[in-house]
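Biologist: Please take me through the empty spaces in this model, starting with the lining of the largest cavity and going on to the pockets and whatever sits in them.

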Amino acid sequence: MLEPFKSAVDFESGLLKEYDNKVERRLSNLEGIFNDAPSYAQLRAEEDGMVYEVFEKEVPANPGQLAHAVTVIYPGKVGAEYYMTKGHFHQKEPTAELYLGVKGQGGIIMQNKEGKTSYLEMKPGSLVYVAPYWAHRTINIGSEPFSFLAIYPADAGHDYGTIEKIGFPKLVVEQEGKPTIISNPRFKR
Ligand code: S6P
Ligand code: ZN
């Protein structure tokens, strides 16, 4: 049985202190995720840059446990589309999740299987309730790293395959220097 433990979110740096695992997502790990394929290929050929990192505390993936992790999305764009996470449904679909904005400026695109979409902006202190059954993808819409804390049932799991297949109905792109939500021409319902 797990004993109580603590770690710390550093609001200055936006990082999780004393994490157990780190997941790195570079451009090469995000093939097919961005809309502008030529810009993606060009950027990746120049350098396989880091898009985001996830700093996780380790807890058993059992019912009742709460996984928690800080994600840092670096500033950048592929064409006009901001750097973002792959995005996923939870494998165990009736599980919710809480996101707390820690540092920087971000956005979160969510969709459910009935075709509804939601976009919410996040700044330090924003608390987003990702409702059960809603897929979620976070986006850095600022010029510094965007970091947020996620807390979720440790047995929720990740379904990346559905998003790889259908995408999200909306894209967040920079237009005239501002984040703008547009329809995703590649979205497959
Ligand atoms: C897990 C939670 C986050 C994401 C992380 C990276 O349920 O939503 O910790 O895993 O932000 O995003 P993704 O879509 O690559 O898992
Ligand atoms: Zn999640």
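Modeller: By class, six nonpolar, no polar and three charged residues make up the lining of the largest cavity (nonpolar means Ala, Val, Leu, Ile, Met, Phe, Trp, Tyr, Cys and Pro, charged means Asp, Glu, Lys and Arg, and the others, Gly among them, are polar). This is a predicted model, where local features need pLDDT of at least 70 and side-chain atom pairs pLDDT 80 or more, while totals for chains, interfaces and linings use all residues. Residues are numbered from 1 along each chain as its sequence is written, chains are lettered from A and ligands numbered from 1 in the order written, and side-chain values use heavy atoms, without hydrogens and water.

The three charged residues in the lining of the largest cavity are Glu81, Arg137 and Lys170. The nonpolar residues there are Met84, Ile109, Ile139, Phe168, Leu171 and Val172. Strands E12 (135–140) and E14 (170–175) each supply at least two residues of this lining (strands are DSSP runs of at least two residues, numbered from the N terminus). The most comes from E14, with three residues. The volume of the largest cavity is about 40 Å³, counted as the space filled by probe spheres set on grid points joined across faces, edges and corners.

A search of the whole structure turns up two cavities of 30 Å³ or more. On a 1 Å grid over the protein atoms alone, a cavity is where a 1.4 Å probe fits but cannot get out, a pocket is an open set with protein on both sides within 12 Å along at least five of seven lines, and lining residues have an atom within 4 Å of a point.

The second largest cavity also has a volume of about 40 Å³. Around it are Phe89, His90, Glu93, Thr95, Val130, Ala131, Tyr133, Trp134 and His136. Sorted by class, its lining holds five nonpolar, three polar and one charged residue. Glu93 is the charged one, and the polar ones are His90, Thr95 and His136.

Now to the pockets. The largest pocket holds about 310 Å³ of space, and 22 residues line it, with Val54, Thr71, His88, His158 and Tyr160 nearest its centre. Strands E3 (21–26), E4, E5 (66–73), E8, E12 and E13 each give two or more residues to its lining. That lining divides into nine nonpolar, eight polar and five charged residues.

Ligand 1 sits in the largest pocket, with more than half of its atoms within 2 Å of the grid points. Its shell has 16 residues, and the closest are Tyr52, Thr71, Glu97, Tyr99 and Tyr160 (each shell residue has a heavy atom within 4 Å). Strands E4 (50–56), E8 (97–103) and E13 (146–153) each bring at least two residues to the shell, and E13 gives the most, with three. By class, the shell has seven nonpolar, seven polar and two charged residues.

Three side chains place an N or O atom within 3.5 Å of an oxygen atom of ligand 1: Tyr99 at 2.6 Å, Glu97 at 2.8 Å and His88 at 2.9 Å. The protein covers 97% of the 390 Å² of accessible area that ligand 1 has on its own (Shrake-Rupley method, 1.4 Å probe).

The second largest pocket contains about 200 Å³ of space. Its lining includes Asn21, Glu56, Lys57, Tyr152 and His158. His158 is also one of the residues nearest the centre of the largest pocket. Five nonpolar, four polar and two charged residues line the second largest pocket, the charged pair being Glu56 and Lys57.

Key. Helices (H or I, at least four residues) and strands (E, at least two) are DSSP runs, numbered from the N terminus. A polar contact is a pair of N or O atoms within 3.5 Å; within protein, one must be able to donate a hydrogen and the other to accept it, and residues adjacent in sequence count only if both atoms are side-chain atoms.
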